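Biologist: Could you take a close look at one helix for me, and then at how the two chains meet? I am new to this, so please explain the terms as you go.

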There are 2 protein chains.
Amino acid sequence: MEGGMPRRGGTAFDQAGNMRARSAALRDVAALAGVSTMTVSRTLNEPERVRPDTRARVLAAVERLDYRPNQAARQLVTGRSGVLGVVGVDTDLYGPAATLYAIERAARRSGYAVDVAGLGSSDPGSIAEGVRRLRTQQVDGLIVVVPHQAAADGVRDLHPGLPLVAVDAGWGMPVPVVMADQTGGAARATGHLLGLGHETVWHISGPVDWMAAQGRIQGWRSALQAGGRLVPEVLSGDWSPQSGYRLGRHLAGDPHITAIFVANDQMAVGVLRSLHEAGRRVPEDVSVVGFDDIPEAGYLWPSLTTVRQNFRDLGGEAFRLLLQRMKGGTEESLKIISTELVVRRSTGRAP
Amino acid sequence: MEGGMPRRGGTAFDQAGNMRARSAALRDVAALAGVSTMTVSRTLNEPERVRPDTRARVLAAVERLDYRPNQAARQLVTGRSGVLGVVGVDTDLYGPAATLYAIERAARRSGYAVDVAGLGSSDPGSIAEGVRRLRTQQVDGLIVVVPHQAAADGVRDLHPGLPLVAVDAGWGMPVPVVMADQTGGAARATGHLLGLGHETVWHISGPVDWMAAQGRIQGWRSALQAGGRLVPEVLSGDWSPQSGYRLGRHLAGDPHITAIFVANDQMAVGVLRSLHEAGRRVPEDVSVVGFDDIPEAGYLWPSLTTVRQNFRDLGGEAFRLLLQRMKGGTEESLKIISTELVVRRSTGRAP
DNA sequence: TACGTTTCAGAAAACGTTTTATGGGCGTTT
DNA sequence: AAACGCCCATAAAACGTTTTCTGAAACGTA
């Protein structure tokens, strides 16, 4: 190798002799505009502090070279990456996906990028692993969407020193939490059915290690108890239509059962099906309420009475709280997103 | 301010006098282990090139200080960030969400982080903007999940110089493309209906500016033409159950229509509903086929015959192709993921 | 005109890692 | 016993930005 040219300050050529092997740096812009790198940096970050004509010259150079600041270099000195991490379960479920999109949208509006880390499972170890991955990426803040009890426990043990907000993690966490009003929604759903004259309401729940499942069970139970009703045994599914179908078949066989509150709409689809197969009409013989209000809910046959969760608000609030923490604020530490009962045709008066 | 201590090399104290205001750097580990920073770096990156006893000492120090490499610094010198960008439409639709998760999973397995950029709309400008955002984040490669025609056009104009793979973008792109076999799936669905004795098959499509919608229209049309059948006018929806319902009502009124191929399962839900309301039985009077095989499909009433897309494969292949490109390979440039007709109870012999 | 104040721009150091080049110790070969 | 390699470890430079400090010019006022 003969000598080699100095790397710093020289015009960039690639092996073939073409210009621009490496992309433009601050230095290149500065040279073209005839100013120092600092002036370029300032022009970009605090434009008002540089004289209009200088600014114009710099911006022209930026434009001409298609200059894009190197985030890594900036981050190295500022300590901020402009990236937010989102840890979530790796699932097709409507809720988590919708929440993720809402977070991303809110973050983007504020100029943050979003790094996602999916989790195969969600034991405390696995969630710690996800957090570790994102910390390695130097994220400025973290939103943990971990609806499992175990995961929530994992959140407690997390390394501090990084702003963090949990979504759906239940009460009593050492970090700010945003969650939908599962309990209230479930109670309203149950109350609605009781109000229609049903003796009691059966419940098909989600996996009991999910916070949301627990909240819905609790709301359902307390509504029954408030009305002095018998609290039937909880049937526990896994959120899938298939599990709804399977458990629904049990219930369909018992003619005394006239009202079912299902913990999510997907399982409700399976329940509706099992009732159809058993020849029990909805809502004439049996009333069904779901949870989530997935887009299909209003177009099932019959259309599904359900509890709507506003995932967009959920994600938006999670981001807002995180931003607050990142700025050092600490006012709010729990935000409950209200849920809404949407009455459609799958519920009717008790037979 | 009195003097101030030198920042470099000094032990880190915060204002209160506690240690570890800043997190451990290579230098700190090196000091503790009694070696140079380079030895630490090598221990972490090429462990076999350092003597076992030294290695042990270094690793102990790493452990003790809870050292995590600073990605920004590493990236600054290597030019690699270890981050992949995924730009996608900002939607709740099952397909895109499932694809994103599949990509994330595959990337994670290979040690890459994933940065997502949602798009409000997907005109060429908006997609260029999304790509720009991710380039700023110094991603090592880019997967563009942009099912719109307009977006696909936008991909053509993208800045080169960054490995890029498009998902669902159609043929003839200047970049590698991974897509599901929309056309074949639609043709099989249509052929299935014709095989059951139906005169012809009506089609409710997705928005015609979506590549997937175009592919399915084309498959449906060619299957009809191959059978010498009349090709009815295409009714175009927006993927939502509501639009399926609205368009379904038109078709439900015409007793000559006995077979409908719907471009996705969500719209099919709306179609089923409109048929029920009109008193037309499925499959006795009308047969319906959907597309996607969403989890609910098998539990609708009647269960829905549909074309299954393997989104996991789609995402996995997209990542594989991208990795290939990032390594400089250029063998494959088009990968078609096969689709599969799943026959259930919503299709039957022509009346 | 001289002085103090403000505004604008530049120089140098620093962020934490890897790349490249160099040096010392040790075993093997003649 | 000297010379040659090889392995292991180190020193210094470089990546591209911002922070901090310093200087010069421009402005207003006395």
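Modeller: Happy to; here is the helix, followed by the contact between the chains. This is a predicted model, in which local features need pLDDT of at least 70 and side-chain atom pairs count only at pLDDT 80 or more, while totals for chains, interfaces and linings use all residues. Residues are numbered from 1 along each chain as its sequence is written, and chains are lettered from A and ligands numbered from 1 in the order in which they are written.

Our helix is H11(B), residues 265-277 of chain B. Helices (H or I, at least four residues) and strands (E, at least two) are DSSP runs, numbered from the N terminus. The expected span of a helix is 1.5 Å times one less than its number of residues. For the 13 residues of H11(B) that gives 18 Å, and the end C-alpha atoms are indeed 18 Å apart, which agrees.

Now, what surrounds the helix? Eleven of the 13 residues of H11(B) are buried, so the helix is largely enclosed by the rest of the structure. A residue is buried if 20 or more other C-beta atoms (placed from the backbone) lie within 10 Å of its own, exposed if 12 or fewer, and partly exposed in between. Among the buried ones are Asp265(B), Val269(B), Gly270(B) and Arg273(B). The buried residues pack against helix H10 (241-252) and strands E6 (202-205), E8 (259-262), E9 (287-289) and E10 (306-308) of chain B. After H11(B) comes Gly279(B), with a positive phi near 80°.

Next, the place where the chains meet. Chain A and chain B each give 43 residues to the contact; two residues are in contact if their C-beta atoms, placed from the backbone, lie within 7 Å. On the side of chain A that touches chain B, the elements giving two or more residues include helix H5 (94-109), strand E2 (113-119) and helix H11 (265-277) of chain A. H5(A) supplies the largest share of that side, seven residues. The residues there divide into 19 nonpolar, 13 polar and eleven charged. Here Ala, Val, Leu, Ile, Met, Phe, Trp, Tyr, Cys and Pro count as nonpolar, Asp, Glu, Lys and Arg as charged, and the others, Gly among them, as polar.

Strands join the chains too. E2(A) runs antiparallel to E2(B), residues 113-119 of chain B, with three bridges between them. Among the partners, Val116(A) is bridged to Val114(B).

Notes:
Two strands pair if DSSP finds at least two bridges between them.
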